[in-house]
Amino acid sequence: QVQLVESGGGLTQAGGSLGLSCAASGRTFSGHTMAWFRQAPGKEREYVASITWTGRTTYYTDSVKGRFTISRDNAKNAVYLQMDSLKPEDTAVYFCAAERSGNTYKYWGQGTQVTVSS
């Protein structure tokens, strides 16, 4: 059974930092793009960042560029999201996703809450 488990969410003040981790089990995702999405209350889930299987190429939505950093460790079958200079509008449930399939991803984690107070 494939599982993606996020951790590292929490509460911080504006300007603070948090680091999210996503550990995959059940199969290896080396060879596949992995990504982070988020969903704020009352809003649609939105793309945050993704990273190719080599880790050499990363992509970010405009609102987090220069503040968030996605990385991965294929040996640990894990993907990470370092979030700096956090803003209240970054408050959301953050999901990791693996194995891109068309316009979506095949596997999803259960999400971890990130709350940024002003």
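In the hairpin formed by β9 and β10, where 2 residues lie between the strands, Gly102 adopts a positive phi near 65 degrees. The model is a predicted one, and the description that follows starts from this hairpin and its strands. Across the hairpin, β9 and strand β10 (residues 104-108) are paired in the antiparallel sense over 4 bridges, and Ala98 has Tyr107 as its bridge partner in β10.

Strand β9 also pairs with other strands. With strand β4 (residues 34-39), β9 forms an antiparallel pairing over 6 bridges, within which Gln39 is matched to Val93 of β9. A further 3 bridges join β9 to strand β11 (residues 112-117), the two running antiparallel, and here Ala92 stands opposite Val114 of β11. Of the 10 residues of strand β9 (residues 92-101), 7 are buried, so that the strand is largely enclosed by the rest of the structure. In a regular strand, side chains alternate between the two faces of the sheet.

The aromatic side chains were examined next. The structure holds 5 aromatic pairs. In the pair of Phe37 and Tyr47, the ring centres are 5.7 Å apart and the planes stand at 80 degrees, an angle over the 60 degrees required, and the pair is therefore edge-to-face. Because Phe37 belongs to strand β4 and Tyr47 to strand β5 (residues 46-51), this pair ties together parts that are 10 residues apart in sequence. The two partners are assigned to separate accessibility classes: Phe37, at 11% relative accessibility, counts as buried, whereas Tyr47, at 27%, counts as partly exposed. Ring pairs further link Phe37, Tyr47, Tyr105 and Trp108 into a cluster.

Two rings of this cluster are also associated with a charged group. The charged end of Arg45 sits over the ring of Trp108, at 3.7 Å from its centre, and the charged end of Arg45 likewise sits over the ring of Phe37, at 6.0 Å from the centre of that ring.

A separate site is found at Asn77, which is placed in the loop between β7 (68-73) and β8 (78-83). Although Asn77 lies in a loop, its relative accessibility of 12% falls under the 20% limit, and Asn77 therefore counts as buried. When residues up to four places away in sequence are not counted, Asn77 touches Cys22, Ala23, Ala24 and Ser25, together with Arg27, Thr28, Phe29 and Ser30.

Methods: Residues are numbered from 1 along each chain as its sequence is written. This is a predicted model: local features need pLDDT of at least 70, side-chain atom pairs count only at pLDDT 80 or more; totals for chains, interfaces and linings use all residues. Side-chain values use heavy atoms; hydrogens and water are left out. Buried means under 20% relative accessible area, exposed over 50%, partly exposed in between (1.4 Å probe, protein chains only). Contact means heavy atoms within 4.5 Å. Two strands pair if DSSP finds at least two bridges between them. Rings of Phe, Tyr and Trp (its six-membered ring) pair if their centres lie within 6.5 Å; planes under 30 degrees apart count as stacked, over 60 as edge-to-face and the rest as tilted. A charge sits over a ring if NZ of Lys or CZ of Arg is within 6 Å of the ring centre and within 35 degrees of the ring normal.
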